[in-house]
Amino acid sequence: MYAVIRTGGKQYRVAEGDVLRIEKIAGDIGAEVSFTDILLLGGTDSPKVGRPTVSGARVVGKVLAQDKHRRVLHFRKEKEGWTRRRGHRQPYTEVKVTSISG
(Lines give C-alpha, C1' and ligand atoms only; values in the text may rest on other atoms or scores of the structure.)
Protein backbone atom coordinates (compact mmCIF):
# COMPACT_ATOMS: atom_id res chain seq x y z
CA MET A 1 0.00 0.00 0.00
CA TYR A 2 1.22 3.49 -0.78
CA ALA A 3 0.00 7.03 -0.26
CA VAL A 4 0.64 10.51 -1.62
CA ILE A 5 0.98 13.02 1.22
CA ARG A 6 1.36 16.78 1.23
CA THR A 7 3.64 18.47 3.75
CA GLY A 8 5.79 21.57 3.61
CA GLY A 9 4.26 22.66 0.31
CA LYS A 10 5.49 19.51 -1.45
CA GLN A 11 3.95 16.13 -2.33
CA TYR A 12 5.59 12.79 -1.57
CA ARG A 13 4.72 9.23 -2.61
CA VAL A 14 5.39 7.03 0.43
CA ALA A 15 5.09 3.38 1.38
CA GLU A 16 5.69 1.61 4.69
CA GLY A 17 9.38 1.55 5.56
CA ASP A 18 10.33 4.53 3.37
CA VAL A 19 12.75 7.12 4.76
CA LEU A 20 12.28 10.65 3.45
CA ARG A 21 13.59 14.13 4.12
CA ILE A 22 10.83 16.69 4.42
CA GLU A 23 10.73 20.37 5.33
CA LYS A 24 11.37 20.85 9.04
CA ILE A 25 8.48 20.01 11.37
CA ALA A 26 8.31 20.13 15.15
CA GLY A 27 9.17 16.94 16.98
CA ASP A 28 11.98 15.30 18.93
CA ILE A 29 14.07 12.43 17.61
CA GLY A 30 12.15 9.19 18.17
CA ALA A 31 8.77 10.91 18.37
CA GLU A 32 5.82 9.87 16.22
CA VAL A 33 4.38 12.27 13.68
CA SER A 34 1.05 11.92 11.91
CA PHE A 35 0.19 13.19 8.44
CA THR A 36 -3.51 13.67 7.73
CA ASP A 37 -3.21 15.60 4.46
CA ILE A 38 -3.47 12.47 2.27
CA LEU A 39 -4.15 13.10 -1.42
CA LEU A 40 -4.26 9.51 -2.69
CA LEU A 41 -4.24 5.95 -1.33
CA GLY A 42 -3.18 3.18 -3.70
CA GLY A 43 -1.84 -0.33 -3.84
CA THR A 44 -5.19 -2.05 -3.27
CA ASP A 45 -7.80 -3.18 -5.81
CA SER A 46 -8.94 0.39 -6.51
CA PRO A 47 -7.14 3.59 -5.51
CA LYS A 48 -8.86 6.19 -3.34
CA VAL A 49 -8.46 9.71 -4.70
CA GLY A 50 -9.20 12.62 -2.39
CA ARG A 51 -11.19 15.69 -3.30
CA PRO A 52 -8.99 17.42 -2.13
CA THR A 53 -7.99 14.91 0.60
CA VAL A 54 -9.00 11.37 1.54
CA SER A 55 -11.14 11.56 4.68
CA GLY A 56 -10.12 9.26 7.52
CA ALA A 57 -6.76 8.37 5.98
CA ARG A 58 -3.60 8.69 8.04
CA VAL A 59 0.13 8.13 7.63
CA VAL A 60 2.23 7.69 10.78
CA GLY A 61 6.00 8.10 10.85
CA LYS A 62 8.89 8.22 13.28
CA VAL A 63 11.35 11.13 13.41
CA LEU A 64 14.89 9.86 12.77
CA ALA A 65 16.81 13.15 12.59
CA GLN A 66 16.52 16.93 12.72
CA ASP A 67 19.38 18.34 10.64
CA LYS A 68 20.41 20.75 7.86
CA HIS A 69 21.16 20.04 4.21
CA ARG A 70 24.55 20.73 2.64
CA ARG A 71 25.45 24.36 2.14
CA VAL A 72 24.21 26.04 -1.03
CA LEU A 73 26.37 28.91 -2.24
CA HIS A 74 25.12 31.94 -4.12
CA PHE A 75 27.90 33.86 -5.83
CA ARG A 76 27.33 37.08 -7.73
CA LYS A 77 29.87 39.06 -9.72
CA GLU A 78 29.23 42.35 -11.46
CA LYS A 79 31.07 44.08 -14.28
CA GLU A 80 32.18 46.93 -12.01
CA GLY A 81 34.39 44.58 -10.00
CA TRP A 82 32.42 43.77 -6.85
CA THR A 83 31.45 40.28 -5.76
CA ARG A 84 29.10 38.87 -3.17
CA ARG A 85 29.13 35.35 -1.78
CA ARG A 86 26.40 34.08 0.49
CA GLY A 87 25.38 30.65 1.70
CA HIS A 88 22.32 28.90 3.03
CA ARG A 89 21.58 25.59 4.78
CA GLN A 90 17.94 24.49 4.69
CA PRO A 91 16.76 22.58 7.80
CA TYR A 92 14.98 19.26 7.30
CA THR A 93 13.37 16.43 9.23
CA GLU A 94 14.14 12.82 8.35
CA VAL A 95 11.07 10.60 8.83
CA LYS A 96 10.58 6.84 8.52
CA VAL A 97 7.02 5.84 7.55
CA THR A 98 5.74 3.18 9.95
CA SER A 99 2.09 2.72 8.96
CA ILE A 100 -0.52 3.77 6.42
CA SER A 101 -4.22 3.46 7.23
CA GLY A 102 -7.21 4.50 5.24
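**Notes on the strands, the core and Pro52**

1. A hairpin makes a good starting point: strand E8 (residues 72-77) and strand E9 (residues 83-88) run antiparallel and are joined by six bridges. Strands here are DSSP runs of at least two residues, numbered from the N terminus, and two strands pair if DSSP finds at least two bridges between them. Five residues lie between E8 and E9 in this hairpin, and Gly81 in the turn has a positive phi of about 110°. If you want a pair to look at, the bridge partner of His74 is Arg86 in E9.

2. A word on the basis of these notes. This is a predicted model, where local features need pLDDT of at least 70 and side-chain atom pairs count only at pLDDT 80 or more, while totals for chains, interfaces and linings use all residues. Residues are numbered from 1 along each chain as its sequence is written, and side-chain values use heavy atoms, with hydrogens and water left out.

3. Now to the sheets. One open sheet has four strands in the order E3-E10-E7-E4, with antiparallel pairing. E3 and E4 stand at its edges with a single partner strand each, so one side of each has no neighbour in the sheet. From one strand to the next the twist averages 45°, using axes fitted as lines to C-alpha atoms, for helices over the stretch in contact, and angles from 0 to 180 degrees between N-to-C directions.

4. Both edges of that sheet can be followed through their bridges. E3 pairs with E10 in the antiparallel sense over five bridges, and Ile22 stands opposite Thr93 in E10. At the other edge, four bridges join E4 to E7 in an antiparallel arrangement, with Ser34 opposite Val60 in E7.

5. E4 also shows a neat alternation of side chains: Val33 and Phe35 point to one face and are buried, while Glu32 and Ser34 point to the other and are not. Buried means under 20% relative accessible area, exposed over 50%, and partly exposed in between (1.4 Å probe, protein chains only).

6. Another open sheet, again of four strands with antiparallel pairing, has the order E2-E1-E5-E6. E2 and E6 are the edge strands, each pairing on one side only. Six bridges link E1 and E2 in the antiparallel sense, and Arg6 has Gln11 in E2 as its bridge partner.

7. The largest nonpolar core has 17 residues, and Ala3, Ile5, Val14, Phe35, Ile38, Leu41 and Val59 have the most contacts inside it. Strands E1 (2-7), E2 (10-15), E3 (19-23), E4 (32-35), E5 (38-42), E7 (58-68) and E10 (91-101) each give two or more residues to this core. E10 gives the most, with three residues. Such a core is a set of buried Ala, Val, Leu, Ile, Met, Phe, Trp, Tyr and Cys residues joined through side-chain atoms within 4.5 Å.

8. Please have a look at Pro52, in the loop between strand E6 (48-49) and E7. A cis peptide bond joins Arg51 and Pro52, with omega about 0°. Pro52 counts as exposed because its relative accessibility is 60%. Leaving aside neighbours within four places in sequence, Pro52 is in contact (heavy atoms within 4.5 Å) with Ile38 and Leu39.

9. One ring deserves a mention too: Arg13 lies over the face of Tyr2, at 3.9 Å from the ring centre. The rule asks for NZ of Lys or CZ of Arg within 6 Å of the ring centre and within 35 degrees of the ring normal.
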